[in-house]
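Student: I have just opened this entry. Could you walk me through it?
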Amino acid sequence: MYNAGKIIPGLLIFLGLVTFPFWSNLGGAYEAPELVMPEAEEECVLAGDWMRANHMILLDDWRDLAVRDNKRLFTNDAGKRFDMSLTKTCLSSQCHANKDTFCDRCHDALAITPNCWDCHVVPTVGEE
Amino acid sequence: MAINRRTFLKAAGLTTLAGVAGHAAMELLAPGALEAARPESVGRFPEELTAKRWAMLIDTKKFTTVQTYQRSIDACHVLHNVPHIPGDQEIKWLWTDSFKHVFPDQQHELVPDAIKNQPFLALCNHCDNPPCVRVCPTKATFKRDDGIVMMDMHRCIGCRYCMAGCPYGARSFNFWDPRPFIANIDPYYPTRMIGVVEKCTFCEDRLARGQIPACVEVSEGAMIFGDLDNQDSEVRRVLRERYSLRRKPSLGTKPHVFYLI
Ligand code: SF4
Ligand code: SF4
C-alpha cells in the first residue's frame with residue numbers, strides 16, 4: 001500500500017481513540033451508591049423494587065397524563081392518592097426533599113444527567 | 001462490504017420497526033412496567049373546576065391605570081416563574097398595551113382621549129380557531145376540549161411558528177436561560193429552559209386543583225372567569241348586560257377574552 005507506514009499507525013491511533021470509552025471503563029466493578037431514604041415516609045407511590053427499575057416510565061406517564069390529558073390524581077394499589085407532580089409529590093419535604101443524596105447519587109454513578117431539573121425546581125431542603 | 005440499496009432499505013426498515021416497537025417490547029420484557037398508566041389508577045381531583053368552554057372577561061371600566069392592572073400581572077408572573085427580562089426580549093403572559101395596539105381595528109379620530117390613553121390588559125385569548133395550534137409542527141401547542149389553548153413545554157422545539165401565527169403577540173420565546181431573571185423562584189411551578197416558547201394557560205393547573213386563575217383571584221372583581229356554554233354562568237350574565245369587544249375579530253380566530261366597555 002502506498003504510504004502504508006503512515007496510514008496504518010494513523011488508523012490504529014484513530015481506533016484507539018474511538019474505542020477509548022469502552023476499554024477505559026473495563027475492569028472496575030459497579031458499586032451501587034448509598035442512598036438516603038425519606039424519614040417521614042415508608043412507602044413509595046408504587047413498590048420500591050418497581051420504582052427502582054421504572055421510575056422514569058412512571059414520571060414520563062405522569063407528565064403526559066397531566067399535561068396532555070389533564071389527569072393529575074394518582075391512586076396506588078393501596079388506595080392512597082397522590083398529586084401527579086414531580087415537585088409537589090416526589091420532591092416534597094415528606095419524600096425525596098434532598099435531591100443530592102437520593103436522585104443524584106445514582107444518576108452520578110451511572111453518568112446520566114436527566115434534564116428534568118432544567119425546568120422543574122428542586123424545593124430546598126426543609127422548606128415547604 | 002458491498003451493500004446495495006435494497007439491503008440498506010431492508011436494514012433501515014427493520015431498525016425503524018424496532019424503534020416503533022420499543023414501547024410494546026417494554027411491556028413484554030418488563031410486564032406491568034406501564035401499569036402506572038392503568039386507566040383506573042389515574043383521574044381528576046374531585047374539586048377540579050370544569051367548563052364546556054372557559055372564557056374571561058376584563059372590565060376596562062374598573063381597570064383604568066397600569067397600577068390597577070399590576071396586581072394581576074404580578075400574581076401571574078410570580079406564580080408561573082415568568083422571568084423579568086427588560087428590553088424587547090421580555091417574556092410576558094399578562095401585560096398592558098395601548099388602545100391603538102390592542103384594538104387596531106376599532107380606531108377612528110374621535111375615540112375619547114380617556115380611552116385612547118388608557119392601558120388595556122392583554123394575554124393569550126384562548127382562541128376557538130387558534131392559528132398557533134394549526135402551525136405548531138410538534139403539537140406542543142394544542143387545544144383542549146374546554147377551550148384552553150395549552151402549551152406542552154416538554155415538546156416545544158422552539159421553531160417559533162406559533163409566534164408568527166399568533167396575531168396577538170401572546171407568546172414569548174426564551175432566548176436565554178430564564179432562571180437568572182427570576183427574583184424568587186417558586187419551586188412548585190417549573191421554570192422554562194432556553195429555546196422554549198411560553199404563554200398564558202388560563203392557569204389550567206390551578207383549575208385542575210379547584211382554584212380560579214391567579215389574575216382573576218386578585219383582580220377584586222375586575223376580571224371574571226367562567227363557562228361560556230352555561231347560560232346561567234356569571235360570564236354569560238355579564239355579557240348579556242354589558243357591551244363587549246374582542247381583539248381583531250375580523251381575523252376569525254374567535255378570541256375568548258372579552259373586554260367590557
Ligand atoms: S391568542 Fe395567540 S397564542 Fe393564544 S390561542 Fe390565540 S392565536 Fe394562539
Ligand atoms: S415554538 Fe414550540 S409551541 Fe411554537 S410552533 Fe414551534 S414547537 Fe410549537
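Tutor: Certainly. This is a predicted model. In it, 32 residues of chain A are in contact with 38 residues of chain B.

Student: Which residues of chain A lose the most area to chain B?
Tutor: They are Arg68(A), Asn70(A) and Arg72(A), which together make up 21% of what that side buries. Between them, chain A and chain B bury about 3200 Å², with 54% of it on carbon and sulfur atoms.

Student: How many salt bridges are there between chain A and chain B?
Tutor: The count is 4. One joins the side chains of Arg68(A) and Asp152(B), at 3.0 Å from N to O.

Student: And which element gives the most to the side of chain A that touches chain B?
Tutor: That is H3(A), with 11 residues. By class, this side of chain A has 12 nonpolar, 6 polar and 14 charged residues.

Student: Turning to the strands, what is the order in the open sheet?
Tutor: The order is E2(A)-E1(A)-E1(B), and the pairing is antiparallel. Strand E2 of chain A and strand E1 of chain B stand at the edges with a single partner strand each, so one side of each is left without a neighbour in the sheet.

Student: How many bridges join E1 of chain A to E1(B)?
Tutor: There are 2 bridges. Leu73(A) stands opposite Gly43(B), and Phe74(A) has Val42(B) as its bridge partner.

Student: A different topic: which residues come nearest to ligand 2?
Tutor: Of the 15 residues around ligand 2, the nearest are Cys136(B), Cys156(B), Cys159(B), Arg160(B) and Cys162(B). The shell divides into 10 nonpolar, 3 polar and 2 charged residues.

How values were computed. Residues numbered from 1 in each chain as written. Chains lettered and ligands numbered in written order. Predicted model: local features only at pLDDT ≥ 70, side-chain atom pairs only at ≥ 80, totals over all residues. Heavy atoms only, no water. Near = heavy atom within 4 Å. Nonpolar A, V, L, I, M, F, W, Y, C, P; charged D, E, K, R; others polar. Pairing = 2+ DSSP bridges. Helix = DSSP H or I, 4+ residues; strand = E, 2+ residues; numbered from the N terminus. Contact = heavy atoms within 4.5 Å. Buried area = accessible area lost by both parts, 1.4 Å probe.
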